Amino acid sequence: MAQELIQRLLRGDKRALARGISIIERGGDEASEILKAIGSHIGRAFTIGITGPPGAGKSTLVDKLTSVLRANPRGQAGEPPLVSILAADPTSPFTGGAILADRVRMQRHYKDPGVFIRSMATRGSHGGLPRTTRNAVKLLDAYGSDVIIVETVGVGQAELDIMDVVDTVVVVLVPEGGDSMQAMKAGLMEIADVFVVNKADRPGADAMMKDITAMLSWDTRERQWVPPVLSSRAHQGIGIEELWEAIEKHRKVSEDTGLLAVRRRDRRRHEFFRTIREQAEQEAQRLVATDASLAALLKQVESNSIDPYTAALIAVKQLSARRRPRKTQ
Ligand SMILES: Nc1nc2c(ncn2[C@@H]2O[C@H](COP(=O)(O)OP(=O)(O)OP(=O)(O)O)[C@@H](O)[C@H]2O)c(=O)[nH]1
Ligand SMILES: [Mg+2]
């Protein structure tokens with residue numbers, strides 16, 4: 001079942017892609033099977049993250065960037081790039097007004113066979129950007145997307161994980177009072193590869209651009225890339241071409257300097273350890289359910305007769321002792 005779906009997905013079948021993402025969202029064995037099968041078919045797409053505070057104009061920017069991309073034939077075949085958009089929405093999956101508004105806004109792209117759009121609910125997930133978002137990006141890559149744009153709301157520490165998912169991070173801010181300070185506090189300054197001050201039709205945009213530029217100059221480390229600070233009026237389509245140029249330039253510089261390779265290496269490394277952690281935790285849950293001495297230890301933790309930290313160390317010691325091959329005398 002999954003095998004046929006995987007083959008269709010790898011051939012660029014949009015419906016197989018949509019179904020594949022639903023399977024990934026549900027999780028389970030079929031999801032694992034898909035992820036294992038596509039593992040060697042990814043790494044070709046150019047992935048971009050668009051993040052910033054709620055209502056900054058991220059979706060509008062994504063919509064306009066998509067128009068620019070789809071209007072520009074590239075490559076030898078002269079075809080415009082296949083664009084996929086993933087909106088990781090922290091609000092309600094179905095009643096969220098934002099998704100509805102995005103649907104209306106992006107209507108023309110929904111009709112374009114060269115564009116794939118998907119919203120994913122992320123509410124209630126913890127421990128960083130949900131695994132489903134990362135895995136969905138892999139599916140979009142294996143499907144053959146040339147460009148993948150991931151929209152996330154950059155409000156908390158968790159969203160900073162976007163850096164670990166995409167090659168280029170665009171941070172969108174608006175010229176409202178204190179926004180650049182907020183952004184710095186939220187850690188957005190560190191993850192940005194490109195800054196864009198949207199809603200530049202409102203007062204304060206220039207001052208804000210200066211603020212950001214000043215903050216960037218505080219960082220005196222030797223750097224191969226200093227994030228440019230741009231402005232846009234997304235709703236009028238102003239500043240979009242320039243934004244795309246900056247994104248492409250970042251891509252090129254990070255390719256040429258090896259930054260991209262380092263970033264992708266780190267991403268693989270993080271995924272490796274993250275998966276081990278997840279699997280180890282599942283295994284621990286299973287063992288506690290079946291092993292009497294571990295179950296007794298957990299009871300002690302629950303009743304506060306041993307502290308969880310000490311108990312965990314005892315459990316790990318016990319488990320690794322059991323696995324170690326016995327020495328022959
Ligand atoms: N004045 C002004 N309004 C804009 C601009 N860009 C977008 N908007 C409006 O701002 C509102 C929010 O835009 P969205 O694109 O939905 O913002 P978002 O960041 O995706 O919002 P969330 O996904 O809900 O966090 C919409 O009403 C847009 O029309 C701009 O440059 N100037
Ligand atoms: Mg949005």
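**Close-up views of a predicted model**

**View 1. Asparagine 198 and its surroundings.** Asparagine 198 sits in the loop that links strand E6 (194–197) to helix H10 (205–218). The model is predicted. With a relative accessible area of 3%, asparagine 198 is buried. Its side chain comes within reach of the backbone oxygen of alanine 56, at 2.8 Å. Leaving out residues up to four places away in sequence, asparagine 198 touches Ala56 and Gly57. It also touches Val172, Leu173, Val174 and Pro175. Ser232, Arg233 and Ala234 complete the list of its contacts.

**View 2. Polar contacts of ligand 1.** Glycine 57, a neighbour of asparagine 198, places a backbone N or O atom 2.9 Å from an oxygen atom of ligand 1. Threonine 60 uses its side chain: a polar atom there lies 2.5 Å from an oxygen atom of the ligand. Histidine 235 also offers a polar side-chain atom, 3.1 Å from a nitrogen atom of ligand 1. On its own, ligand 1 has 660 Å² of accessible area, and the protein covers 75% of that.

**View 3. The shell around ligand 1.** Two helices and one strand each give two or more residues to this shell: H4 (58–70), H5 (97–105) and E4 (147–153). Helix H4 gives the most, with three residues. In total, 17 residues surround the ligand. Those that come nearest are Gly57, Lys58, Ser59, Thr60 and Asp201. Sorted by class, the shell holds five nonpolar, six polar and six charged residues.

**View 4. The magnesium ion (ligand 2).** Two protein donors hold positions 2.1 to 2.2 Å from the ion: Ser59 through OG and Glu151 through OE. Serine 59 belongs to helix H4 and glutamate 151 to strand E4, so the pair ties together parts 92 residues apart in sequence. Serine 59 and glutamate 151 are both buried. Serine 59 is also among the residues that come nearest to ligand 1.

**View 5. The protein chain as context.** The chain contains 14 helices and seven strands. It has 329 residues, of which 44% count as buried. Among contacts with a separation of 6 or more, 75% join residues 24 or more positions apart. The accessible surface of the chain comes to about 18100 Å². Carbon and sulfur atoms account for 54% of that surface.

Conventions: Residues numbered from 1 in each chain as written. Chains lettered and ligands numbered in written order. Predicted model: local features only at pLDDT ≥ 70, side-chain atom pairs only at ≥ 80, totals over all residues. Heavy atoms only, no water. Near = heavy atom within 4 Å. Polar contact = N/O pair within 3.5 Å; in protein donor to acceptor, adjacent residues only side chain to side chain. Areas by Shrake-Rupley, 256 points an atom, 1.4 Å probe, with all protein chains shown as cover. Helix = DSSP H or I, 4+ residues; strand = E, 2+ residues; numbered from the N terminus. Nonpolar A, V, L, I, M, F, W, Y, C, P; charged D, E, K, R; others polar. Donors = N, O, S within 2.8 Å, 3.2 Å for Na, K, Ca; no water. Buried < 20%, exposed > 50% of the residue type's maximum accessible area, 1.4 Å probe, protein only. Contact = heavy atoms within 4.5 Å.
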